[in-house]
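Please look over the sequence and the model below before reading on. The paragraphs that follow begin with a pocket, then move through the sheets and end with aromatic rings.

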Amino acid sequence: VSFLPIAALGDDPGERVSVVWGWTVPETSREYALVGRTAGLAFVDITSAGTPTLVGLMPANPASARDIKVYQDHAFLTGDGAGYHGLHVFDLTRMR
């Protein structure tokens, strides 16, 4: 239905995308794509499929690959080859 180039997700040098996950706000049915980037996580509002909108970025140590999982109202982000990175947890209720 639409396309959002990597440059629209934060155009850091060598930026790549390695994973996409989703979350829906239970109270409003707004839909978000959580996009794992080399430099962290991008939040894209995809409620209107024809007009995806970047709404925020969460920086993290550069990683060759990301993994994102969502449990209830939290996103969990990891990164391969990111040095001292650990597990990032984001409270998705902040998207409301």
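By class, the lining of the largest pocket has twelve nonpolar residues, one polar residue and no charged residues, where Ala, Val, Leu, Ile, Met, Phe, Trp, Tyr, Cys and Pro count as nonpolar, Asp, Glu, Lys and Arg as charged, and the others, Gly among them, as polar. The model is a predicted one, in which local features need pLDDT of at least 70 and side-chain atom pairs count only at pLDDT 80 or more, while totals for chains, interfaces and linings use all residues. Residues are numbered from 1 along each chain as its sequence is written, and side-chain values use heavy atoms, with hydrogens and water left out.

The volume of this largest pocket is about 200 Å³. A pocket here is an open set of points on a 1 Å grid over the protein atoms alone, where a 1.4 Å probe fits and protein lies on both sides within 12 Å along at least five of seven lines, and lining residues have an atom within 4 Å of a point; grid points are joined across faces, edges and corners, and the volume is the space filled by probe spheres set on the points. Of the 13 lining residues, L4, A33, V35, V44 and P52 are the closest to the centre of the pocket. The elements that give two or more residues to this lining are β1 (17-24) and β2 (31-37), strands being DSSP runs (E, at least two residues) numbered from the N terminus.

Those two elements lead into the first sheet to be described. Four strands form an open sheet in the order β1-β2-β3-β4, with antiparallel pairing, and two strands are said to pair if DSSP finds at least two bridges between them. β1 and β4 (53-59) stand at the edges, each with a single partner strand, so one side of each is left without a neighbour in the sheet. Seven bridges join β1 to β2, and T24 stands opposite E31 in β2.

β2 and β3 form a hairpin with two residues between them; their antiparallel pairing extends over six bridges, and V35, already met near the pocket centre, stands opposite A42 in β3. β3 and β4 also pair in the antiparallel sense over six bridges, with F43 opposite G56 in β4. Six of the six residues of β3 (residues 40-45) are buried (under 20% relative accessible area, with a 1.4 Å probe and protein chains only), so this strand is largely enclosed by the rest of the structure.

Three strands form another open sheet, in the order β5-β6-β7, again with antiparallel pairing. β5 (65-71) and β7 (88-91) are at the edges with a single partner strand each, so one side of each is left without a neighbour in the sheet. Four bridges join β6 (residues 74-80) to β7, and H74 stands opposite D91 in β7.

What, finally, is the count of aromatic pairs? There are two, where rings of Phe, Tyr and Trp (its six-membered ring) pair if their centres lie within 6.5 Å, and planes under 30 degrees apart count as stacked, over 60 as edge-to-face and the rest as tilted. W23 and Y32 form a stacked pair, at 6.1 Å centre to centre and 25° between the planes; W23 is buried, with a relative accessible area of 6%, and Y32 is buried with a relative accessible area of 6%. F43 and F90 form a tilted pair, at 4.6 Å centre to centre and 35° between the planes. F43 lies in strand β3 and F90 in strand β7, so the pair ties together parts that are 47 residues apart in sequence, and both F43 and F90 are buried.

Key: Buried < 20%, exposed > 50% of the residue type's maximum accessible area, 1.4 Å probe, protein only.
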